[in-house]
Amino acid sequence: ISDVEDFLRKESYPLVLKPTDSAGTDGVKLCHNYEEAKDHFDALFEVEAVNGGYNTEVLCQEFLRGKEYVVDTVSRDGEHKTMAVWVYD
């Protein structure tokens, strides 16, 4: 936690914490204060991720308000295709 403690104390809340070694939304949490962020940060290193491994890093980032878009793509041999785009409610 010492590497991110300064960020967690100074950044405006809410913040998003998510493990880099997991998949999808597993372990992702919107934290509303320092105590909640620190507790979740510590907990992410103690639980098994959905993919069967254990977390070795946690990404801490600002929360951006606004519309959330999802874009599904597929790539093969350097060619990229957009398959679907939608907006979360």
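In the predicted model, Tyr69 is exposed, its relative accessible area being 52%; the cut-off for this class is over 50%. Tyr69 belongs to strand 4, which spans residues 69–76. Apart from residues up to four places away in sequence, the residues touched by Tyr69 are Trp86 and Val87. Trp86 is separated from Tyr69 by 17 residues in sequence, while the C-alpha atoms of the two lie 5.7 Å apart in space.

Asn55, in contrast, is classed as buried, with a relative accessibility of 7%; this value falls within the buried class because that class covers anything under 20%. Asn55 is located in the loop that runs between helix 2 and strand 3. A polar atom of the Asn55 side chain is placed 2.7 Å from the backbone oxygen of Leu44. Leu44 also appears among the contacts of Asn55 that remain once neighbours within four places in sequence are set aside; the others are Pro19, Asp21, Ser22, Phe45, Val47 and Ala49.

Leu44 is in addition a member of the largest nonpolar core, a set of 11 residues. The remaining members are Val4, Leu8, Leu15, Leu17, Cys31, Tyr34, Ala37, Phe41, Val58 and Cys60. At least two residues of this core come from each of strand 1 (15–19), helix 2 (34–44) and strand 3 (58–62). The most is given by helix 2, which contributes four residues. Nonpolar side chains in soluble globular proteins tend to be buried together.

Terms used: Residues numbered from 1 in each chain as written. Predicted model: local features only at pLDDT ≥ 70, side-chain atom pairs only at ≥ 80, totals over all residues. Heavy atoms only, no water. Core = buried A, V, L, I, M, F, W, Y, C linked by side-chain atoms within 4.5 Å. Buried < 20%, exposed > 50% of the residue type's maximum accessible area, 1.4 Å probe, protein only. Contact = heavy atoms within 4.5 Å. Polar contact = N/O pair within 3.5 Å; in protein donor to acceptor, adjacent residues only side chain to side chain.
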